[in-house]
Structures are given as C-alpha cells and as structure tokens.
Amino acid sequence: QVQLVESGGGLVQPGGSLRISCAASKAVSSIYVMGWYRQAPGKQRELVATRSNGGATNYADSVKGRFTISRDSAKNTVDLQMNSLKPEDTAVYYCNARGLYFGADFDSWGQGTQVTVSS
C-alpha cells in the first residue's frame with residue numbers, strides 16, 4: 001500500500017500564504033496523478049488541484065490564480081503553494097495519488113492537514 005504523508009498546514013491570516021507538501025512513502029514508479037482535495041466542516045470533500053505525469057493541471061475555479069500545484073515525479077512529492085488566502089479556504093487538505101504499484105492500481109489518501117485562515 002502506498003502511504004502519503006502531508007506537512008505544512010497551520011494558521012494564517014487572510015491575505016497570507018502557506019505551502020503544504022505531500023510525499024509518497026514508497027518509491028512508486030507509476031503515479032499517474034497527484035493532487036490536493038479539501039473538506040470544510042459540514043461540506044463534502046472537493047477538488048483543489050491536480051497535476052498529472054504529463055504536467056497537465058486542473059484547478060478548482062475558486063483557487064485559480066491564487067494556488068499553484070507543483071510536483072516532483074522523481075521524488076513522488078506534490079506541493080501546493082497557496083497565496084491570497086481567504087477564510088473560505090479553511091479546511092482539512094488531503095493529498096491524493098493514483099497509479100500503479102506492483103501491477104495493481106492504487107488510489108491513496110493522506111491523513112489530512114488542517115489549514116485555517118483567520119485573523
């Protein structure tokens with residue numbers, strides 16, 4: 001099983017910036033896509049941003065122009081740089097990775113990291 005370990009969450013003031021990171025626990029040669037999702041209290045989990053092996057990115061409309069996803073395919077890591085943060089960005093952010101490991105498809109989630117935007 002491929003485990004994902006997140007880091008970098010915390011408390012930030014509105015308008016501030018935060019960077020969260022995620023790393024796969026194993027040397028997986030075939031991760032098709034890595035990305036970030038978030039879940040605010042009382043709401044469903046939603047996509048924030050994804051980045052494929054080929055470099056294609058997909059962002060939620062609410063974060064376009066403010067968030068940037070980057071990925072190091074050699075290290076199996078994915079980062080999310082979040083700028084101009086708003087209180088509505090407050091949520092638990094989850095890392096996700098999908099790919100192939102020893103011939104079997106996997107779809108793994110991290111444990112989540114809390115991001116709180118508040119003055």
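Select Asp-89 to begin: in this predicted model, Asp-89 is a buried residue, with a relative accessible area of 1%. The cut-off for that term is under 20% relative accessible area.

**The partners of Asp-89**

Keep Asp-89 displayed and add Arg-38. Their side chains meet in a salt bridge, with an N to O distance of 3.0 Å. This contact links distant parts of the chain, the two residues being 51 residues apart. Arg-38 lies in strand 4, residues 30–39, whereas Asp-89 sits in the loop between strand 8 (77–82) and strand 9 (91–101).

Next, add Arg-66. The side chain of Arg-66 also meets that of Asp-89 in a salt bridge, at 2.8 Å from N to O. Here too distant parts of the chain are linked: Arg-66 belongs to the loop between strand 6 (57–59) and strand 7 (67–72), 23 residues apart from Asp-89. Is Arg-66 buried or exposed? Arg-66 has a relative accessible area of 10%, so it counts as buried.

**Extending to Glu-46**

Return to Arg-38 and select Glu-46 with it. The two form a salt bridge whose closest N and O atoms are 2.7 Å apart. Colouring by accessibility sets the two ends of this pair apart: Arg-38 is buried, at 6% relative accessibility, while Glu-46 is partly exposed, with a relative accessible area of 37%.

Now show the four residues together, starting from the buried Arg-66. Through shared salt-bridge partners, Arg-38, Glu-46, Arg-66 and Asp-89 join into one network. In the whole structure, a search finds five salt bridges. As a general point, side chains of opposite charge can pair when their charged atoms come close.

**Strand 9 and its neighbours**

Switch to a cartoon view and select strand 9 together with strand 4. These strands pair in the antiparallel sense over nine bridges. To locate the register, pick Gln-39, which stands opposite Val-92 in strand 9.

Which strand is joined to strand 9 by three bridges? It is strand 11, residues 113–117, and the two run antiparallel. Select Tyr-93 to find its bridge partner in strand 11, Thr-113.

Strand 10, residues 104–109, is joined to strand 9 by six bridges, again in an antiparallel arrangement. Gly-99 has Phe-106 as its bridge partner in strand 10. Follow the chain from strand 9 into strand 10: the two form a hairpin with two residues between them. Within the turn, select Phe-102, which has a positive phi of about 50°.

**The disulfide**

The last stop is Cys-95, to be selected with Cys-22. Their sulfur atoms are 2.1 Å apart, and the two residues form a disulfide. The structure holds one disulfide. This pair links distant parts of the chain, with Cys-22 in strand 3 (residues 18–24) and Cys-95 in strand 9, 73 residues apart. Both Cys-22 and Cys-95 are buried.

Why is the disulfide of Cys-22 and Cys-95 described as left-handed? The torsion about the S-S bond is about -80°, and the disulfide is therefore left-handed.

Definitions and conventions:
Residues are numbered from 1 along each chain as its sequence is written. This is a predicted model: local features need pLDDT of at least 70, side-chain atom pairs count only at pLDDT 80 or more; totals for chains, interfaces and linings use all residues. Side-chain values use heavy atoms; hydrogens and water are left out. A salt bridge is a side-chain nitrogen of Lys or Arg within 4 Å of a carboxyl oxygen of Asp or Glu. Buried means under 20% relative accessible area, exposed over 50%, partly exposed in between (1.4 Å probe, protein chains only). Helices (H or I, at least four residues) and strands (E, at least two) are DSSP runs, numbered from the N terminus. Two strands pair if DSSP finds at least two bridges between them. A disulfide is a pair of cysteine sulfur atoms within 2.5 Å.
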